[in-house]
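User: I'm new to reading protein models and would like a close look at one helix. Could you walk me through how it sits among its neighbours, and then place it in the rest of the chain?

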Amino acid sequence: MTIKEVAQLAGVSSAAVSRYINGGSLSDQKREKIRKAIELTGYRPNLMARSMRTGRGGQVGVIVPKIHSDSVSAVMAGISDTLAEAGYMTLLGNAELSDEKEIRYLELMQNNQVAGIILMAGSMTPEKEALISEMRIPVVITGQNFEGMPCVYHNDYYAAATLAEHMIARGRKKIAYIGVTERDLAAGLARRLGVQLALREAGMESESMPRRIGEFNAESGRKCMAELLEEAPDLDGVICATDAIALGAMRVLKEKGRKVPEDVSVAGFGNSWAGRVSNPALTTIRLDFRGCGEKAARLLLDLIGGQTAGRDSREMLPFELLERESV
């Protein structure tokens, strides 16, 4: 099969098929016609020829903070499926929550001539910012809103406020918070500030809110919850920065004889599978992780294709409160 034959089958121009393959901008209608034609014919672009023609490889680098994460897996699925449709392979780098490893991966991937990079960032350092600004290839950030960089991110601030408002509306008066490192401006800082916003607007004390900073796992939730019960034994609600932390917190509450939600309400972030099957099921915020990956990949493909408008693009995604039995 040739591009011309695919174009005839799809009822579009050869140029449109070429833009589709190279990640250029197309209407959703044309994109779907071409996708179906390629699927029907089994056509595969010649990546070596494209690399020689454009000077860019047929790979896109994706740098993730860790690989054992439901949210990272969902973002990766959106990225890889979208890139595969455009004929690109995904090269994965696991930074293991290390700024230094992120920087090494950025340099390594650029030197190995990937066409572009998607970075699932947790924090931004001056060194990392300087490197990204000097990159010869486009870089798109997911999960964070960094000034001057193309980003696709979530509305963590108002999502956390909505979660706290929901708990307050259920009559909770003494709400605690378990967060994560605030070097992570989204999951760490924005979520904590959102909870405090809701408390202030409800006329409750926000600055003295009992809180702990933990890690992104259930064991940390267990530890922090035990400490909070020592500090504030009269607490009747706890909001957690992740579902994993919330599940660890619920375990400790049950061990201490506190009923959820009768005595203490618990809520998290992420809509993890474990939270959906826990007893009680966990009230949480659903973030569109897969959609984040898809949008980031399409933005990167536009930049690879030479579109300059996306260089300053920052898109914030909506969220959904999922009301379950834990609140």
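Analyst: Happy to! Let's start on the outside of helix α6: the face turned away from its buried side carries the exposed residues Glu100 and Asn111. Please keep in mind that this is a predicted model.

Now turn to the other side. The buried residues of α6 are Asp99, Glu102, Ile103, Leu106, Met109 and Gln110. Around the axis they cover an arc of only 135 degrees, which puts them on the same side of α6. A general rule helps here: an α-helix has 3.6 residues a turn, so residues three or four places apart point the same way.

What do these buried residues pack against? Their partners are the strands β1, β2 (89–94) and β3 (116–120), together with helix α7 (126–133).

We can also check the length of the helix. α6 runs over residues 99–111, which is 13 residues, and at 1.5 Å a residue these should span 18 Å. The C-alpha atoms at its ends are 19 Å apart, which agrees with that expectation. After α6 comes glutamine 113, whose phi is positive, near 60 degrees.

Helix α2 (residues 14–21) makes a nice companion example. Its buried residues are Ala16, Val17, Tyr20 and Ile21. Seen down the axis of α2, they fall within an arc of 135 degrees, so they line one face of the helix.

Let's go back to β1, one of the partners of α6. Between β1 (59–64) and α5 (70–85) there is a loop, and serine 69 lies in it. With 13% relative accessibility, serine 69 counts as buried. A polar atom of its side chain lies 3.3 Å from the backbone nitrogen of valine 72.

Next, a link from α6 to another part of the chain. Glutamate 102, one of the buried residues of α6, is 114 residues from phenylalanine 216 in sequence, and their C-alpha atoms are 18 Å apart in space. Phenylalanine 216 sits in the loop between β7 (211–214) and α10 (218–231). It counts as partly exposed, because its relative accessibility is 25%. Leaving aside neighbours within four places in sequence, phenylalanine 216 is in contact with Lys66, Val180, Asp184, Ala187, Thr242 and Ala244.

What about the nonpolar interior? The largest nonpolar core has 69 residues, and Ile178, Met225 and Val266 have the most contacts inside it. Helix α13 (residues 289–304) gives the largest share of this core, nine residues. A second, separate core of 19 residues includes Ile63, Met135, Met149 and Cys151. To see one core residue up close, take methionine 225: not counting residues up to four places away in sequence, it touches Ile178, Leu235, Val238, Ala249, Val252 and Leu253.

There is one aromatic pair to look for as well. Tyrosine 157 and tyrosine 158 form it, in an edge-to-face arrangement with 4.9 Å centre to centre and 75 degrees between the planes. Tyrosine 157 counts as partly exposed at 27% relative accessibility, and so does tyrosine 158 at 47%.

Finally, step back to the whole chain. It has 13 helices and 12 strands, and its C-alpha atoms fill a box of roughly 70 × 40 × 30 Å along the principal axes. Of its 327 residues, 52% are buried. Among contacts between residues at least 6 apart in sequence, 71% join residues at least 24 apart.

Note on methods
Residues numbered from 1 in each chain as written. Predicted model: local features only at pLDDT ≥ 70, side-chain atom pairs only at ≥ 80, totals over all residues. Heavy atoms only, no water. Phe/Tyr/Trp six-rings, centres within 6.5 Å; stacked < 30°, edge-to-face > 60°. Buried < 20%, exposed > 50% of the residue type's maximum accessible area, 1.4 Å probe, protein only. Helix = DSSP H or I, 4+ residues; strand = E, 2+ residues; numbered from the N terminus. Polar contact = N/O pair within 3.5 Å; in protein donor to acceptor, adjacent residues only side chain to side chain. Expected span 1.5 Å × (residues − 1). Arc of directions from axis to C-beta. Contact = heavy atoms within 4.5 Å. Core = buried A, V, L, I, M, F, W, Y, C linked by side-chain atoms within 4.5 Å.
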